[in-house]
Amino acid sequence: MSVVDQKTPETAGNTDEQVEKSLYAKAAKIYPREVHGLFARLRVLGVLSLLGIYYITPWLRWDGQQALLLDLPARKFHIFFITLWPQDFIYLAALLIIAGLTLFFVTAIAGRIWCGYACPQTVWTEAFLWIERKVEGDRGRQQKLDAQPMSLRKFRIKATKQFLWLAFAGWTGFTFVGYFTPIMELGQRLVMLDLGPWETFWVIFYSFATYGNAGFMREQVCKYMCPYARFQSAMFDKDTLIVSYVPERGEPRGSRKRSADPKALGLGDCIDCTLCVQVCPTGIDIRNGLQYECIACSACIDACDDVMEKMGYEKGLIKYTTENTMHGRMSHIIRPRIVIYGAIMLGIMALFAWSFSQRVSLGLDVIRDRNQLYRETDDDLIENVYTLKILNMDNKAHRYSLRVSGIEDLELRMDLPEIRVESGGVLELPVRLQVEEDELDARSTEVKFMLVAKDDPALSATETARFLGPH
Amino acid sequence: MAQQIPRSQKCIAVLWPSFLVSIVATGLFFSAFDPADLYPFGKDTEISRLGIYSIGFLFFWLISTISGIGTLYFAITNCMRQDPGNRGR
């Protein structure tokens, strides 16, 4: 079942071709009217907290270094007390899967709540709209200004807006790069105009993307570019929360005096003030039924409730509801879809938590010396040479003890008095294994290297290699 | 309908999905290979890791864009063949 298919009588007349034409028509600029009310306050709360998290996080410190640093140049991700390495990429992939499943789960229950309150596209568009309103004035003034021919005043206002937009976008781009290279040094180098070519490229790239998406593309991103907007209807059912107009109550719509009795005039509760259309950031008329453009921001609910209050009518002509409730049936929160999405989500979360807790912050690789198969020492022992690569992925330095097994009386020789690796360091350690020729049964025998941290037996790694001899 | 799609939307339809795909490709490729271990055409490059990542990303984007253009071209020409009367731009 798709949202676009749920037509009320008003939209049922639209042929597919009309819908398709409107999809490809050149988009006219939408001037959403400012709205006040419960949901508008919730969205401002969402926008401010998310923007706050985005702009502040890279400046947080933990143990004397940046708390969240996806250090691409050093191939290490620092997330507070955890350090992730390229071999931990699987955890990142698992996190993305969990995020996706959570989105499915939330969508099935609460509809496109993500779109209306938390999507970066919404968040930055709100911020850009706020700047636009501060500079150009409300919807009416903006439309009037745009209709005017260019004048010194218009140029001044437009230039101010563009400057503020660009400055905000620039700061956004700088912050973005600050997640990938240490932001303190990045800031210092920015002030000294000494950014590297690629840092400069990414600051400009991300700033430009922010400026374009939030300043100009806006609702078109949701309509034409967003994959989620296209497939979210697959998660919908008749119990999913949607924003909807109640036609039974509102129709027939028409203007009237506040004192007039709508029943006597044969009118419904909708006074046809079109405020719900004016506040809509995607420029649709919610009274035409559920439409794929609707991002469930509920600006129309706030606007309409306000009007209903002024008219002395009951609120909720446009409201959050479900298809079942609208048709007088019971709505259920717990239903097979929710249980299945929830079970998969929790299952993967548990698997992730378990596997992450089992993660060992120690890497061991054993590379046989390829130049010679084996060598006979002066004391008639058979010797193989290996290079061990020891990677300490923990947050502190460790001393390790190394053992080998697999052949009786196998001797381990190395030049270092002890194995010590700094946090985040890699040690290349050449070692020699020696054994009496009599102990070897075959040309090639498997040997096992076992590395254990001296201060923490849980930090251990085992790796196998071949020992070659003359037999 | 294919002829009525504005050019800007065609560009978005090609550039945007290929952008997303190249992010994934870059992540997968460079988590498996350290740029410092790579010797393209047997040469040691003097570009920083950030530079290699960026070039890698742009390269993946280029490749997937070319593929996207191909898909769009075949889809549109196929539409035109099925509806020969409707020839536009």
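When I speak of strands here, I mean runs of at least two residues that DSSP assigns as E, and these are numbered from the N terminus. With that in place, please bear in mind throughout that this is a predicted model.

Let me start with a single residue, A:F80, which sits in the loop between β4 and β5 of chain A. A:F80 has a positive phi of about 55°, although it is not a glycine. For context, most residues other than glycine have a negative phi. Is A:F80 buried or exposed? A:F80 turns out to be exposed, because 10 other C-beta atoms lie within 10 Å, and the cut-off for calling a residue exposed is 12 or fewer.

The strands on either side of A:F80 make up a hairpin, in which β4(A) and β5(A) are separated by 2 residues. β5(A) covers residues 82–84, and its pairing with β4(A) is antiparallel, over 3 bridges; within that pairing, A:F77 stands opposite A:L84. On its other pairing, β4(A), residues 76–79, is joined by 4 bridges to β3(A), residues 68–71, and those two strands also run antiparallel. There the bridge partner of A:D71 is A:K76. The hairpin of β3(A) and β4(A) has 4 residues between the strands, and A:R75 in that hairpin takes a positive phi near 55°.

A second residue worth setting beside A:F80 is A:S298, whose phi is near 60°, again a positive value in a residue other than glycine. A:S298 is found in the loop between α15, residues 275–279, and α16 of chain A. Its surroundings are another matter: A:S298 is buried, because 27 other C-beta atoms lie within 10 Å, where 20 or more is what the term requires.

The helix that follows that loop, α16(A), residues 299–311, has an axis that comes within 7 Å of the axis of α3(A), and the two cross at roughly 145°. Their contact is made by A:L38, A:F39 and A:A40 on the α3(A) side and by A:A299, A:I301 and A:D302 on the α16(A) side. By residue type, that contact divides into 5 nonpolar residues, no polar ones and 1 charged one.

One more local backbone feature before we move to the packing of α6(A): a cis peptide bond joins A:E251 and A:P252, with omega at about -10°. A:P252 lies in the loop between α13, residues 247–250, and α14, residues 262–265, of chain A.

Now to α6(A). At 1.5 Å a residue, the 17 residues of this helix should span 24 Å, and the C-alpha atoms at its ends are 24 Å apart, so the two figures agree. The buried residues of α6(A) are A:T122, A:V123, A:W124, A:T125, A:E126, A:F128 and A:E136, and they pack against α3, α5, α7, α8 and α10 of chain A. Just after the helix, A:G137 takes a positive phi of about 95°.

How do α6(A) and α10(A) lie relative to each other, and at what angle do their axes cross? Their axes come within 8 Å and cross at roughly 75°, and therefore the two helices are roughly perpendicular to each other. From α6(A), the contact takes in A:Q121, A:W124, A:T125, A:A127 and A:F128, while α10(A) supplies A:T210, A:N213, A:A214 and A:G215. These residues divide into 4 nonpolar, 5 polar and no charged.

Further along chain A, 4 strands form an open sheet in the order β13-β11-β15-β16, with antiparallel pairing. β13 and β16 stand at the edges with a single partner strand each, so one side of each is left without a neighbour in the sheet. Neighbouring strands of the sheet are turned by 30° against each other on average, direction ignored. At one edge, 3 bridges join β11(A) to β13(A), and among the paired residues A:R399 has A:R420 as its bridge partner.

Finally, chain B has 2 helices and 0 strands, and of its 89 residues 12% count as buried. Where the chains meet, 12 residues of chain A are in contact with 15 residues of chain B. On the chain A side, the elements giving two or more residues are α2, α10 and α11, and the residues of that side divide into 9 nonpolar, no polar and 3 charged.

Note on methods: Residues are numbered from 1 along each chain as its sequence is written. Chains are lettered from A and ligands numbered from 1 in the order in which they are written. This is a predicted model: local features need pLDDT of at least 70, side-chain atom pairs count only at pLDDT 80 or more; totals for chains, interfaces and linings use all residues. Two residues are in contact if their C-beta atoms, placed from the backbone, lie within 7 Å. Ala, Val, Leu, Ile, Met, Phe, Trp, Tyr, Cys and Pro count as nonpolar, Asp, Glu, Lys and Arg as charged, and the others, Gly among them, as polar. Axes are lines fitted to C-alpha atoms, for helices over the stretch in contact, and angles run from 0 to 180 degrees between N-to-C directions. Angles under 35 degrees count as roughly parallel, over 145 as roughly antiparallel, 65 to 115 as roughly perpendicular and the rest as oblique. The expected span of a helix is 1.5 Å times one less than its number of residues. Two strands pair if DSSP finds at least two bridges between them.
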